[in-house]
Amino acid sequence: MLEFGILFPSVLNGLTTGAVYALIALGLTLIYGVLHIINFAHGASLMVALYAVYGLKQHLGIDPYLALPIVVPGMFVLGYGLQRLIINRASHGRDENILLVTLGISIVLENLALMFFKSDTRSIETPYTLTTVAIGPAMIALPKLVAFAGALVTSSLLLWLVTRTDLGRAIRAVAKEKHGAKLMGIDVDHVYAMCFGIGLACLGAAACFLLPAYYVNPQVGGGFVLVAFTIVVLGGMGSFAGALMGGLLIGVVESVGGLFLGESLGQIGIFVIFIAVLLFRPQGLFGAKA
Amino acid sequence: MTRDIAAIVLFAAGVLGLTAVADSGVVLTFVMMALYATLMAQAWNMLGGYGGQFSFGHALFFGTGAYMQAIAQLNLGLNAWVALALAVVAAAGVGLFVGALTFRYGLKGSYFALVTLAFAEVFRILAVSVGFTGGGVGLMLPLQESFANLQFSSRKGYIVLVLGFVVAALLVTAWLRHSRFGAQLQAVRDNEDAARAIGVDPFRVKLGAITLSGGFMGAAGAFYVQVFQYIDPSIGFGPHTSVEALVAAIVGGMGTLWGPVLGALVLHLLADFTRNLFGQLPGLNLVIYGSVLVVIVMFLPRGLSGVGRSVRDAWRARK
């Protein structure tokens with residue numbers, strides 16, 4: 001067995017990564033839970049947010065954390081616009097069309113990035129990139145700790161929004177019974193677009209927390225999107241608490257799995273969990289409804 | 001059925017005729033690649049269009065066929081034709097296995113899509129990690145030109161080969177349209193509970209569809225290896241192939257005999273056209289490809305082959 005001194009940092013690292021995964025998965029689960037569509041442009045949207053953070057830092061010298069109030073509303077507007085102007089119009093109420101449209105959008109976004117930024121992998125330098133904090137026997141990079149805290153705060157805000165506000169009530173009403181909500185005077189198209197916007201805003205926040213300890217290239221989203229799907233399925237599609245717990249769990253599995261099996265095989269653990277949960281418990285580990 | 005077969009014979013004769021007269025390499029390569037894309041789209045259509053089961057991981061079958069084709073020749077020293085048979089059987093077998101697992105537990109809709117995606121990803125990581133697939137580097141097949149090796153001096157040989165598969169796929173699809181099995185499959189697609197109530201076994205029917213679909217997708221993978229003499233994990237099991245198969249089928253019109261043919265042809269023309277026009281600027285061709293995809297979906301919701309019907313409906317609505 002591995003010693004505590006090796007396992008503990010690995011678990012902590014996994015938790016910090018997992019919190020960011022959770023944030024990405026929260027956006028996905030909100031969109032799935034309400035619109036009942038699988039957003040295949042989620043990874044590409046994250047990539048766009050990462051480039052936005054990168055650009056703000058490189059060209060305007062804005063610190064990634066201070067970029068939050070710019071990137072988060074920016075991503076919200078992008079999401080609202082995409083849903084209202086493109087996805088909603090193109091879907092004609094058919095699932096396979098939504099799937100094709102989000103796929104098309106992701107192809108466009110990824111290749112726009114390729115066009116403007118080439119396929120180079122880029123990262124940013126901040127004064128705190130290499131700062132570490134000691135927690136027991138573990139040394140954790142400061143940006144990762146900030147990401148952990150930031151992801152938890154953002155998730156809590158999202159939970160508050162959905163459970164305590166009028167918008168949240170409207171969102172839950174539309175998710176449960178679209179036609180009934182419409183009859184009660186809720187503007188369903190607006191709520192759909194709000195959900196898509198909030199889902200992408202989560203990605204904006206994730207990007208700000210991610211970039212100081214990570215990198216960006218046009219394909220960066222692909223790796224995250226499968227992991228995010230896994231988390232959403234694990235937590236139960238549409239469940240927020242599930243996405244949060246699932247994210248942390250997957251972060252730890254990936255980190256500890258990598259320790260035992262090496263990096264490339266370590267990832268297999270994630271997909272084996274994914275397939276097993278889909279087969280045996282498709283309502284998710286934490287989800288109540290199927 | 002007779003009309004469908006006549007149309008298929010006509011189609012094959014047309015392609016052969018074009019191949020016989022054409023002598024430009026560009027045209028022949030285009031015909032070959034368009035047929036290859038048709039084969040993948042039609043394979044997807046059998047399960048997705050007629051069975052209503054949306055697979056997002058058809059690369060799983062493609063890669064299985066491709067690797068089987070390569071490994072059977074490289075490591076087992078088998079003849080290319082025997083390898084081809086093995087590749088189709090292996091891919092169909094993987095289809096049977098995945099189908100047995102997923103349909104047994106009643107996975108449907110987005111859940112089925114996600115589990116196929118995950119299976120393809122598991123196979124990709126395995127192909128990177130284990131030895132006999134050549135790892136991330138992939139496998140090269142230095143094949144001599146001969147009929148036994150399925151290596152031809154001109155594109156024309158390959159066109160005849162892939163046309164054979166396309167015709168077989170079209171015949172199977174025509175059979176799905178008119179046979180008892182096909183009727184059961186479409187009944188399951190339209191309403192599984194109702195189908196069960198009249199005595200259809202949805203599990204058995206869907207299993208048949210995914211096995212057929214997997215086999216034809218495996219043939220496409222094997223064909224790829226014979227043409228390019230190379231395969232690696234991301235070509236074999238990467239999401240790109242899965243996307244190509246389903247996009248062509250849906251854009252053309254799924255659940256129809258000729259939709260996937262039309263979709264593959266149009267998308268291939270589009271991809272070729274944008275690549276030639278904007279090839280110097282990396283990315284721009286795919287930006288246009290993606291935009292056109294969105295536009296097609298926005299204005300032609302039932303696929304290209306649904307245009308006729310859409311026009312007719314619009315005409316009626318106006319009156």
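**Questions on a predicted two-chain model**

Chain B has 14 helices and two strands, where helices (H or I, at least four residues) and strands (E, at least two) are DSSP runs numbered from the N terminus. This is a predicted model, in which local features need pLDDT of at least 70, side-chain atom pairs count only at pLDDT 80 or more, and totals for chains, interfaces and linings use all residues. Residues are numbered from 1 along each chain as its sequence is written, while chains are lettered from A and ligands numbered from 1 in the order in which they are written.

Me: What is the radius of gyration of chain B, and why does it count as compact or not compact?
Reply: The radius is taken over C-alpha atoms, and the globule rule is 2.2 Å times the number of residues to the power 0.38. For 319 residues that rule gives 20 Å, and the chain comes close to this, so chain B is as compact as a globular protein of that length, with a radius of gyration of 20 Å.

Me: Is Thr116(B) buried or exposed?
Reply: Thr116(B) lies in helix α5 (residues 109-129) of chain B. A residue is buried if 20 or more other C-beta atoms lie within 10 Å of its own, exposed if 12 or fewer, and partly exposed in between, with C-beta atoms placed from the backbone. Thr116(B) has 28 C-beta neighbours inside 10 Å, and therefore it counts as buried.

Me: How many residues of α8(A) are buried?
Reply: Helix α8 of chain A covers residues 188-210, and its end C-alpha atoms are 33 Å apart, which agrees with the 33 Å expected for 23 residues at 1.5 Å a residue; the expected span is 1.5 Å times one less than the number of residues. The helix is mostly covered, and of its 23 residues the number buried is 20.

Me: Which residue of β2(A) is the bridge partner of Ile135(A)?
Reply: Strands β1 (residues 132-135) and β2 (residues 138-141) of chain A run antiparallel and are joined by four bridges, and two strands pair if DSSP finds at least two bridges between them. They form a hairpin with two residues between them, and Gly136(A) in the turn has a positive phi of about 60°. In β2(A), the partner of Ile135(A) is Ala138(A).

Me: Is Lys118(A) buried or exposed?
Reply: Lys118(A) sits in the loop between α4 (95-117) and β1 of chain A, and has a positive phi of about 60° although it is not a glycine. Most residues other than glycine have a negative phi. Because Lys118(A) has 12 other C-beta atoms within 10 Å, it is exposed.
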